[in-house]
Amino acid sequence: MSTSPNPERPAADERLRDSAFLRAARGEPVPHTPVWYMRQAGRSLPEYLRVRQGVGMLESCMDPELVVEITMQPVRRYGVDAAIFFSDIVLPLKAVGVDLDIKAGVGPVVENPVRTLDDVAAIPDLTPDHVPFITEAVRSLVAELGGTPLIGFAGAPFTVASYLVEGGPSKEHAKTKAMMFGAPDVWDALMRKIAGIAAAYLEVQVAAGASAVQLFDSWAGALTPRDYRDHVMPHSAGVLERAGALGVPRIHFGVGTGSLLELMGEAGADVVGVDWRTPLADAVSRVGHRGVQGNLDPTLVFAPTEVMTARAAEVIEAGRAARGHIFNLGHGVIPSTDPAALERLTEFVQSYPLD
Ligand code: 1CP
């Protein structure tokens, strides 16, 4: 029934549907534990540093050829079970016209931080016309990846709000939480605005062929369960609900979210991403009938190989009790990571016997 112009596409579609990554995300039996790494593309790879020379971060995210190349680099090198689209959580804001930049060694910086209802109203909603380069990059990637799934992603409302309100990276998220506690009308409008942009951005990626999505709420761990539930979760749930209508698995990830895992599952995830601070076995019992993703301490790749693999084996064993388990680090690859260590880790996870 395929109308695909590419004669190899139906076979690739079948390999894709049957891939270990998508099987695990759907809670089906797997031939091996699938593995990919957050920030698997990027600063830990010499081939990434080479192609990024003299090209700004946002500029590279808007260049489909470069996005395809950078996304493919870790797939080629490690043979991971999924690719993560090379972009950034603030890219859709840039695309609709927010004046921001990603500064090397710093991160996203916003020229005019959001403070008022008028500031929120000035941010346009995202339409596919804002991001034709994303559609083009995803389409090319899906063709090039063949049977390897592509994970699309967006930043969750709280984490993206933190950059917009603080004006840049922050540890305490104090201004953001001050708005949440003190200006509920502005907060609600801002969260709705970002949720709409995130959902529309995920729709674009899936329409172009991404076969799973991850919602990054990296900084949600700054919240108490009560504040997460009352002020943040409904907005993330809205994004996940719209993504659910696309028929692809949804992964919901945050850092330091040991006290939020149940809620992050309830927000509508098929798979809950777990950082390294929570033992995976605990996470499995807390997320209900959902899959888990994670959660080796990212610093373990600096340890002797036998220490790294022994800990990886513990993670895999704990994951077996889950509805599905996707192996990952508990947060992104640390830039000084030796790619050879990730190569060994990938090989170990993929060849770990499950019967
Ligand atoms: O100059 C450079 O090379 C910029 C470094 C860089 C890279 C490689 C940034 C700036 N973003 C990225 C790519 C990126 N960002 C990816 C794709 C790469 C991959 O995973 O293989 C993804 C998924 C993100 C998402 C992202 N950006 C998150 C969520 C994930 C996480 O790590 O928690 C967050 C919080 C950001 C903001 C951001 N962008 C860049 C930096 C340095 C930061 C963090 C700044 C801070 O500490 O607040």
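Here are some notes on helix packing, the ligand site and two backbone details in this predicted model.

1. Start with α9 (residues 157-166) against α11 (residues 184-207). The two pack at an angle of about 115 degrees, and their axes are 9 Å apart. That angle makes α9 roughly perpendicular to α11. As for handedness, α9 passes α11 in a right-handed crossing.

2. Who makes that contact? From α9 it is Pro 157, Phe 158, Val 160, Ala 161, Leu 164 and Val 165, and from α11 it is Trp 187, Leu 190, Met 191, Ile 194 and Ala 195. Sorted by class, the contact of α9 with α11 has 11 nonpolar residues, with no polar and no charged ones.

3. Next, α9 with α10 (residues 174-182). Here the angle is about 105 degrees and the axes lie 8 Å apart, which makes α9 roughly perpendicular to α10.

4. On the α9 side of that pairing are Phe 158, Ala 161, Ser 162, Val 165 and Glu 166, meeting Ala 174, Lys 175, Thr 176, Lys 177 and Met 179 of α10. The class count for α9 with α10 is 5 nonpolar, 2 polar and 3 charged residues. Worth a look on screen: Phe 158, Ala 161 and Val 165 are listed in the contact with α11, and these three residues also appear in the contact with α10.

5. α11 has another partner to check, namely α8 (residues 132-145). These helices pack at an angle of about 35 degrees, with 8 Å between their axes, and their crossing is right-handed. Ile 134, Thr 135 and Val 138 of α8 meet Tyr 201, Val 204 and Gln 205 of α11. By class, the contact of α8 with α11 divides into 4 nonpolar, 2 polar and no charged residues.

6. Now the ligand. There are 24 residues around it, and the ones that come nearest are Arg 39, Asp 88, Tyr 163, Ser 218 and His 331. Tyr 163 has a side-chain N or O atom 2.4 Å from an oxygen atom of the ligand. For His 331, a side-chain N or O atom is 2.7 Å from a ligand oxygen atom. Gln 40 takes part through its backbone, where an N or O atom lies 3.1 Å from an oxygen atom of the ligand.

7. Which loop holds Arg 39? That residue is found in the loop between α2 (20-25) and α3 (46-52). Its phi is near 60 degrees, a positive value in a residue other than glycine. Keep this in mind when viewing the ligand site, as Arg 39 is one of the residues that come nearest to the ligand.

8. Last, a backbone point in strand β8 (residues 291-296), where Asn 295 sits. The peptide bond joining Gly 294 and Asn 295 is cis, with omega at about -5 degrees.

Definitions and conventions. Residues are numbered from 1 along each chain as its sequence is written. This is a predicted model: local features need pLDDT of at least 70, side-chain atom pairs count only at pLDDT 80 or more; totals for chains, interfaces and linings use all residues. Side-chain values use heavy atoms; hydrogens and water are left out. Axes are lines fitted to C-alpha atoms, for helices over the stretch in contact, and angles run from 0 to 180 degrees between N-to-C directions. Helices (H or I, at least four residues) and strands (E, at least two) are DSSP runs, numbered from the N terminus. Angles under 35 degrees count as roughly parallel, over 145 as roughly antiparallel, 65 to 115 as roughly perpendicular and the rest as oblique. A crossing is left-handed if the near helix is turned anticlockwise from the far one by less than a right angle, and right-handed if clockwise. Contact means heavy atoms within 4.5 Å. Ala, Val, Leu, Ile, Met, Phe, Trp, Tyr, Cys and Pro count as nonpolar, Asp, Glu, Lys and Arg as charged, and the others, Gly among them, as polar. A residue is near a molecule or strand if one of its heavy atoms lies within 4 Å of it. A polar contact is a pair of N or O atoms within 3.5 Å; within protein, one must be able to donate a hydrogen and the other to accept it, and residues adjacent in sequence count only if both atoms are side-chain atoms.
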